[in-house]
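Open the model in your viewer and keep the selection box ready. Each stop below names what to select and then says what is there.

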Amino acid sequence: MGEQEPAGKPFEISKQEVQGAWLKVKANKGAPGVDEQSIEDFEADLKGNLYKIWNRMSSGSYFPPPVKAVEIPKAHGAGTRILGVPTVADRVAQTVVAARLEKVVEPKFHADSYGYRPGRSALDAVGKCRERCWRHDWVIDLDIQKFFDSVPWDRIVKAVEANTADAWVTLYVKRWLAAPLQMPDGSIAPRDRGTPQGSAVSPVLANLFLHYAFDMWMARKFPAVPFERYVDDAVVHCRSERQARMVAQAIGEQMERVGLRLHPDKTRVVYCRDGTRRGSAEHSSFTYLGFTFRARGMRTRHGKVFTGFGPAISKDALKKIGAEVRSWRLHQHTGYTLGELARWINPIVRGWMQY
């Protein structure tokens, strides 16, 4: 990949971009796609595989294979979702486009957008939500119904075209959006909307779409109403129940205009009830990014106990951790030393505690 790049290619994509994309894909690891080629298999002919990706992308002849559909548990809460697993080569190609697009759009994104952005995390969103719940009595717990399955392609493409002059970025985004899913039974399912969770380019496309459809719309329509958004999970803070219900209705109408829909049962207006806010409401707790916000005992810095409104690990997240620990079957690993068990378990537990 280090030799001089031949002239005459219609699209200017450097081999360094492809090499950098490969390093990101390798670091993220991940399972094989429909071709069953693992990271190790791909690396066995690394130079040839990367050259093939660069050559096809820069000539406009790269076409993505189907995306492997895998059912996995939801990250925050009960139930399952379909994860799209592209091939290793396709993940490299997607990462090239994602990196080029992120350079342009990242500086434009809203300060309260937290998902899949450099230097930001789910914990940052939870922390900001916690602060705002102290100052605002009501929240709207938003749930966009099947966002990744239903987001309309035409609006994604329009947002991409508005932010890049690189025709090849738009070309490949269109091809990835239209790539079919290969279901677990081997059948091929065509798609006419949505962007599969699990693909390298989906996070930036989702953030770009919601930047216009939600973030900028909120900034124009309700500039004094704060929110936190982690991709399609959002919490909006309001001063009164009346304001919360008015804003929730307006958001629902906006989502309909952009081809989406709020979940009628999971989108709720919640009262932040605590020791000083003693009113009543149908809902007085909500779960956001694996944390349940509700009235709970807290301590001041001086040790005084009071009832505040704040987050702690949700029941669903706790249940998932318990299931993971039971799956280790520690009682069967009698041949391991304590040190070996610690080296195996500690990184996992450390990740839970840091989150």
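The tour goes from the whole chain to single helices, then to charged pairs and a few loop residues.

**The whole chain**

Start with everything shown as cartoon. This is a predicted model. The protein has 355 residues, and 45% of them are buried. Its secondary structure comes to twelve helices and eleven strands. Take the contacts between residues at least 6 apart in sequence: 66% of these join residues at least 24 apart.

**Helix α8**

Select residues 167-178. This is helix α8, twelve residues in length. Put a distance label between its end C-alpha atoms: they lie 17 Å apart. At 1.5 Å a residue the helix should span 16 Å, so the two values agree.

Now show side chains. Which residues of α8 are buried? They are Trp168, Val169, Thr170, Tyr172, Val173, Arg175, Trp176 and Leu177. Add α3 (46-59), α4 (88-105), α7 (153-161) and α9 (202-221) to the view: the buried residues of α8 pack against these four helices.

**Where α1 crosses α4**

Keep α4 and add α1, residues 15-28. The two helices pack at an angle of about 115°, and their axes are 8 Å apart. The crossing is right-handed.

Colour the two faces separately. From α1 come Glu17, Val18, Ala21, Trp22, Lys24 and Val25. From α4 they meet Val88, Arg91, Val92, Thr95, Val96, Ala99 and Arg100.

**Arginine 100**

Stay on α4 and centre on arginine 100, which sits in this helix. What is linked to Arg100 in a network of salt bridges? Glu17 and Asp166 are its partners there. The side chain of arginine 100 makes a polar contact with the side chain of aspartate 166 at 2.9 Å. It also reaches the backbone oxygen of glutamate 12, at 3.3 Å.

Widen the selection to the contacts of arginine 100. Setting aside neighbours within four places in sequence, they are Glu12, Ile13, Glu17, Asp166, Trp168 and Val169. Trp168 and Val169 also belong to the buried set of α8.

**Three salt bridges to compare**

The count for the model is 13 salt bridges. Pick out three more pairs.

First, select aspartate 215 and arginine 229. Their closest N and O atoms are 2.8 Å apart in a salt bridge. The pair links distant parts of the chain, with aspartate 215 in helix α9 and arginine 229 in strand β6 (residues 227-230), 14 residues apart. Are these two buried or exposed? Aspartate 215 is buried, with a relative accessible area of 0%. Arginine 229 is buried too, at 2%.

Next, go to helix α10, residues 241-257. Glutamate 241 forms a salt bridge with arginine 245, the closest N and O atoms being 3.1 Å apart. The two are four residues apart in the helix, so about one helical turn separates them. In general, residues three or four places apart in an α-helix point the same way, because there are 3.6 residues a turn. Switch on the surface here. Glutamate 241 is partly exposed, with a relative accessible area of 34%. Arginine 245 is partly exposed as well, at 43%.

Last, select aspartate 192 and arginine 193. Their salt bridge has its closest N and O atoms 3.6 Å apart. Aspartate 192 is exposed, with a relative accessible area of 57%, and arginine 193 is partly exposed, at 40%.

**Glycine 115**

Move to the loop between α4 and α5 (122-135), where glycine 115 lies. Glycine 115 has 0% relative accessibility, so it counts as buried. Show its contacts beyond four places in sequence: Asn207, Arg229, Tyr230 and Val231. Arg229 is the partner of aspartate 215 from the salt-bridge stop. Then select alanine 206. Its C-alpha atom is 9.6 Å from that of glycine 115, although the two are 91 residues apart along the chain.

**The loop between α1 and α2**

Finish in the loop between α1 and α2 (39-44), and select lysine 29 there. Lysine 29 has a positive phi of about 60°, although it is not a glycine. Lysine 29 is exposed, with a relative accessible area of 59%.

Glutamate 36 lies in the loop between α1 and α2 as well. Its phi is also positive, near 60°, in a residue other than glycine. Glutamate 36 is partly exposed, with a relative accessible area of 49%.

Technical notes: Residues are numbered from 1 along each chain as its sequence is written. This is a predicted model: local features need pLDDT of at least 70, side-chain atom pairs count only at pLDDT 80 or more; totals for chains, interfaces and linings use all residues. Side-chain values use heavy atoms; hydrogens and water are left out. The expected span of a helix is 1.5 Å times one less than its number of residues. Buried means under 20% relative accessible area, exposed over 50%, partly exposed in between (1.4 Å probe, protein chains only). Contact means heavy atoms within 4.5 Å. A salt bridge is a side-chain nitrogen of Lys or Arg within 4 Å of a carboxyl oxygen of Asp or Glu. A polar contact is a pair of N or O atoms within 3.5 Å; within protein, one must be able to donate a hydrogen and the other to accept it, and residues adjacent in sequence count only if both atoms are side-chain atoms. Axes are lines fitted to C-alpha atoms, for helices over the stretch in contact, and angles run from 0 to 180 degrees between N-to-C directions. A crossing is left-handed if the near helix is turned anticlockwise from the far one by less than a right angle, and right-handed if clockwise.
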